[in-house]
Amino acid sequence: MDTDAQLAPLPERDRSPRPDRVGEQRSRSARFPRRHLARARQWLSDGGPLRRAGVLLTVCMVTLLLVSGYVVQPFTIPSRSMENTLRVGDRVLVNKLAYRFGAEPQRGDVIVFDGTESFVQDAPTENAVMALIRKGGSALGLMRPTPGTDYVKRVVGTGGDRVRCCDRQGRLEVNGRPLLEADYLFPGDVPSRVPFDIVVPEGKLWVMGDHRSDSRDSRDHLGEPGGGTVPLDRVVGRADWIGWPLSRVGSVRETDAFEGVPAPPRGAHG
């Protein structure tokens, strides 16, 4: 008896699918999405132009909401507080990515922020339906995102800065350096008629309108909780562009008024 022959291993069965089976599996997986696409096309064509228009409108609205929620959001300027940089009725496009990846607002930036707990102590409430309508309208720049809590101002001081009004020539000082604000200050305005001297707490901002005599800003909330300063986490974004009206389309003008302002003293705090 040939023992070696008996103990020799049997040929292993080939478990890999046959080529014709592989092709069949692939064709099934390829047919699956095509079948659903065909059904979707049929559903759209059966519904006529109204259904197609409704689907297109829904897609556009969802896209707008995503873009305005994470990238760029339009805001309508409601008051004269930022004249002449921004005027009543201007629709500004706010860059929501400007401070998304670790960057923080800088002196001179024009920002939009939620004033809850800094400029507004008791935020107004509204029902769910109105909130949904407002969210859609704000994505188009037709309504304010929140009822009376969003503001647009210029950053004058950041965490640790000492902001003071005023020196002997009536100029604002930041960390002891006077500001020359002629390129954005409203013609005829003085930097401030209200004297103040504050060290901005870390994680906060001191903000002011460009039309100082017609702006309720950090100066007006000194005696309230928060001392008129705006928390960084309430900043919506930086107002970078004017999108409407057509006569004013363009970028929001930058300023060099804060060049040369020294860093705050080490250990400064509010």
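Here are five short exercises with worked solutions on a predicted model.

**Exercise 1. The disulfide**

Find out how many disulfides the structure holds, which residues form the bond, and what its handedness is.

*Solution.*
- Step 1: Recall that a disulfide is a covalent bond between the sulfur atoms of two cysteines.
- Step 2: Searching the whole structure gives 1 disulfide.
- Step 3: The partners are C165 and C166, with sulfur atoms 1.9 Å apart. That fits the cut-off of 2.5 Å for a pair of cysteine sulfur atoms.
- Step 4: Look at the torsion about the S-S bond of C165 and C166. It is about -70°, so this disulfide is left-handed.
- Step 5: Add the surroundings. C165 is buried, at a relative accessible area of 8%, and C166 sits in the loop between β5 (162-165) and β6 (173-174).

**Exercise 2. Unusual backbone angles**

Check the peptide bonds from C165 to C166 and from W244 to P245, then look at phi of E117 and of N175.

*Solution.*
- Step 1: Between C165 and C166, omega is near -5°, and the peptide bond is cis.
- Step 2: Between W244 and P245, omega is about 0°, and this bond is cis too. P245 belongs to the loop between β11 (235-244) and β12 (250-251).
- Step 3: For E117, phi is near 70°, a positive value in a residue other than glycine. E117 is found in the loop between β3 and α3 (128-139).
- Step 4: For N175, phi is near 55°, again positive in a residue other than glycine. N175 is found in the loop between β6 and β7 (177-178).
- Step 5: Now compare their surroundings. E117 has a relative accessible area of 53% and is exposed, whereas N175, at 15%, counts as buried.

**Exercise 3. A charged residue without a salt bridge**

D189 is buried yet has no salt bridge. Work out which groups its side chain does reach.

*Solution.*
- Step 1: Place the residue. D189 is in the loop between β7 and β8 (196-199).
- Step 2: Look for a partner of opposite charge. The nearest such side chain, R193, is 6.1 Å away, while a salt bridge needs the atoms within 4 Å.
- Step 3: Look for polar partners. The D189 side chain reaches the backbone nitrogen of R212 at 2.8 Å, and it makes a polar contact with the side chain of S213, also listed at 2.8 Å.
- Step 4: Widen the view. Not counting residues up to four places away in sequence, D189 touches D210, H211, R212 and S213.

**Exercise 4. Salt bridges**

Which residues pair with R248, R171 and E83?

*Solution.*
- Step 1: The whole structure has 13 salt bridges.
- Step 2: R248 meets D90 at 2.8 Å, N to O. R248 lies in the loop between β11 and β12 and D90 in the loop between β1 (72-76) and β2, so the pair ties together parts 158 residues apart in sequence. R248 and D90 are both buried.
- Step 3: R171 meets D167 at 2.9 Å, N to O. R171 is partly exposed at 21%, whereas D167 is buried at 13%.
- Step 4: E83 pairs with R80, their closest N and O atoms 3.0 Å apart. A network of salt bridges links R80, E83 and D214.

**Exercise 5. Far in sequence**

Where does A98 lie, and which residues does A98 contact beyond its sequence neighbours?

*Solution.*
- Step 1: A98 lies in the loop between β2 (91-95) and β3 (110-114).
- Step 2: Leaving aside neighbours within four places, A98 is in contact with A103 and R238.
- Step 3: A98 and R238 are 140 residues apart in sequence, with C-alpha atoms 6.4 Å apart in space.

Definitions and conventions. Residues numbered from 1 in each chain as written. Predicted model: local features only at pLDDT ≥ 70, side-chain atom pairs only at ≥ 80, totals over all residues. Heavy atoms only, no water. Buried < 20%, exposed > 50% of the residue type's maximum accessible area, 1.4 Å probe, protein only. Helix = DSSP H or I, 4+ residues; strand = E, 2+ residues; numbered from the N terminus. Contact = heavy atoms within 4.5 Å. Lys, Arg positive; Asp, Glu negative; His and termini not counted. Polar contact = N/O pair within 3.5 Å; in protein donor to acceptor, adjacent residues only side chain to side chain.
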